[in-house]
Amino acid sequence: MAISERVIATVVLASVTLSLPCFLYGAWYIIETEPVTWSVLTHHLKFVTAGLVLTTVPMVTWMIPRLADQLGGVAMVHAFLGAQAYAMLAFGGTGIVRIFRAKREHDLYEEYDEDVLLDEIGSERMDHWRSRLRLGVFGYVIFWLLAYLVGIARYAIRYFQV
């Protein structure tokens, strides 16, 4: 017996919806916890990774393969916003790499020293990399939320004739 498209769409919607609390908790945790030690970072990344898996797996396995059959206005807006979200995540990732490398080289994840400022270690452009990280994360969240709202509208229109 084949599973209906509506059931699959509902499971995908539930999965993507469940990713939001993971992102929110991960963001709250890293913002509120000082200092950012290795255990704090890994705890944060567990939730962010779970959120990314809950969003990315349905996108790669169900949404993208069906996109060519749905080339229309709302579907394209949804795909564009989603692509922008992942582009912003990649943009922010370029900052993460530099920050991670600098903190590892100075052992600031294991032996935090509050007298060592992140802007003073690593690259002379550390403030640039930190800005890239912030811009990438906030951009991802904004575009993700927009894509999510468009996705909910598409779901309602397609499966409930709203």
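This is a short walk through the helices of one protein chain and the way they pack.

Before the details, please keep in mind that what we have is a predicted model, in which local features need pLDDT of at least 70 and side-chain atom pairs count only at pLDDT 80 or more, while totals for chains, interfaces and linings use all residues. Residues are numbered from 1 along each chain as its sequence is written, and side-chain values use heavy atoms, with hydrogens and water left out.

Let me begin with the overall layout. The secondary structure comes to four helices and zero strands, where helices are DSSP runs of H or I with at least four residues, strands are runs of E with at least two, and both are numbered from the N terminus. Along the sequence, then, the pattern reads α-α-α-α. Of the 162 residues, 30% count as buried, meaning under 20% relative accessible area with a 1.4 Å probe and protein chains only, as against over 50% for exposed and partly exposed in between. As for contacts (heavy atoms within 4.5 Å), residues 24 or more positions apart account for 75% of those with a separation of 6 or more.

I turn now to the helix pairs. Helix α1, residues 5–32, packs against helix α2, residues 38–67, at an angle of about 155°, with the axes 8 Å apart; here axes are lines fitted to C-alpha atoms, for helices over the stretch in contact, and angles run from 0 to 180 degrees between N-to-C directions. That angle makes α1 roughly antiparallel to α2, given that angles over 145 degrees count as roughly antiparallel, under 35 as roughly parallel, 65 to 115 as roughly perpendicular and the rest as oblique. The residues of this contact divide into 21 nonpolar, seven polar and two charged, with Ala, Val, Leu, Ile, Met, Phe, Trp, Tyr, Cys and Pro taken as nonpolar, Asp, Glu, Lys and Arg as charged, and the others, Gly among them, as polar.

The pair α3 and α4 also packs at about 155°, with axes 7 Å apart, and these two helices are therefore roughly antiparallel to each other. Their contact residues divide into 22 nonpolar, nine polar and four charged.

How, by contrast, does α2 lie against α4? The angle between them is about 50°, with the axes 14 Å apart, and that makes α2 oblique to α4. The contact is made by Leu52, Thr55, Trp62 and Arg66 of α2 together with Tyr140, Trp144, Arg158 and Tyr159 of α4, and by class these are five nonpolar, one polar and two charged residues.

Let me close with α3 and α4 taken singly. Helix α3, residues 73–105, has 33 residues that should span 48 Å at 1.5 Å a residue, and its end C-alpha atoms are 48 Å apart, which agrees; the expected span is 1.5 Å times one less than the number of residues. The buried residues of α3, which include Gly82, Gly92 and Gly95, pack against α2 and α4. One of them is His78, which counts as buried at 15% relative accessibility and touches Met63, Ala147, Val150, Gly151 and Arg154, not counting residues up to four places away in sequence.

Helix α4 has 35 residues and reaches 50 Å from its first C-alpha to its last, close to the 51 Å expected. Its buried residues, among them Trp129, Trp144, Tyr148 and Tyr155, pack against α1, α2 and α3. After α4 comes Gln161, whose phi is positive, near 45°.
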